[in-house]
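Let's take a walk through this one together. Have the sequence and the fold side by side as we go.

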Amino acid sequence: MASKGTAALEAMIEEATVDAYGDDQQLTGLFTMIEEHLAVPFTTTVLGVEVTVRKVDLTADSIVAVCARGRHQQRIDLLDPAATHSRAGRCRVDRRLPALGREVGRR
C-alpha cells in the first residue's frame, strides 16, 4: 500500500499530466505543478552535504533543482533515479516533493 505522501504525489502528477499529449507536454505540466506548489528556497541534504534549493528549472528533457552551498551551485536532475536514490548519500530533494500539497499558499 502506498504511503499518504506517495498517494498525494501520484495524484498531483496525474493532475499535472492528464491532458498532456506526449512527453514534452507531460514534462511541462509536471514542472508547472512543482513550480506553483513547491516553496523555495528550502534546505535539504545532497550526498551528505546540506544545501539550499534555490529554484527548480525546466531543461530540454528534465526538471532540475538548483542547489547552492556557499559560492558553489549544482543542478540536480529530479527525474534521474541515479541522482535521487544514490547509495552513497541519498539526495533528499525527491523526499520534498510529497510535501507539495502542504506547501500550497506558503510561497
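Where is Ser 62 found? It sits in the loop between β2 and β3. Bear in mind that we are looking at a predicted model.

Is Ser 62 buried or exposed? Its relative accessible area is 4%, and since buried means under 20%, Ser 62 counts as buried. As for its company, the side chain of Ser 62 makes a polar contact with the side chain of Asp 77, at 2.4 Å. Leave aside the neighbours within four places in sequence, and Ser 62 is in contact with Leu 27, Asp 57, Asp 77 and Leu 79.

Now step out of the loop and into the strands. The link from β2 to β3 is a hairpin through 4 residues, and the two strands run antiparallel, joined by 6 bridges. To get the register, find Asp 57, which stands opposite Val 64 in β3.

On to the next partner. β3 also pairs with β4 (residues 72-77), again in the antiparallel sense and over 6 bridges. Here Cys 67 stands opposite Gln 74 in β4. These two strands form a hairpin as well, with 2 residues between them; in that turn, Gly 70 has a positive phi of about 60°. As for exposure, 6 of the 7 residues of β3 are buried, so the strand is largely enclosed by the rest of the structure.

That brings us to the core. The largest nonpolar core has 15 residues, and those with the most contacts inside it are Ile 34, Val 56, Ile 63 and Cys 67. The elements giving two or more residues to this core are α2 (22-37), β1 (42-46), β2 (49-58) and β3 (63-69). Which element gives the largest share? That is α2, with 4 residues.

Take Ile 63 as a viewpoint. Setting aside neighbours within four places in sequence, Ile 63 is in contact with a list of residues that includes Leu 27, Leu 30, Phe 31 and Ile 34. Val 56, Asp 57 and Leu 58 are also among the contacts of Ile 63, as are Ile 76, Asp 77, Leu 78 and Leu 79.

Finally, have a look at the helix itself. In α2, the buried residues are Leu 27, Gly 29, Leu 30, Phe 31, Met 33, Ile 34 and His 37. Its length works out too: at 1.5 Å a residue, the 16 residues of α2 should span 22 Å, and the end C-alpha atoms are 23 Å apart, which agrees.

Technical notes. Residues numbered from 1 in each chain as written. Predicted model: local features only at pLDDT ≥ 70, side-chain atom pairs only at ≥ 80, totals over all residues. Heavy atoms only, no water. Core = buried A, V, L, I, M, F, W, Y, C linked by side-chain atoms within 4.5 Å. Buried < 20%, exposed > 50% of the residue type's maximum accessible area, 1.4 Å probe, protein only. Contact = heavy atoms within 4.5 Å. Pairing = 2+ DSSP bridges. Polar contact = N/O pair within 3.5 Å; in protein donor to acceptor, adjacent residues only side chain to side chain. Expected span 1.5 Å × (residues − 1).
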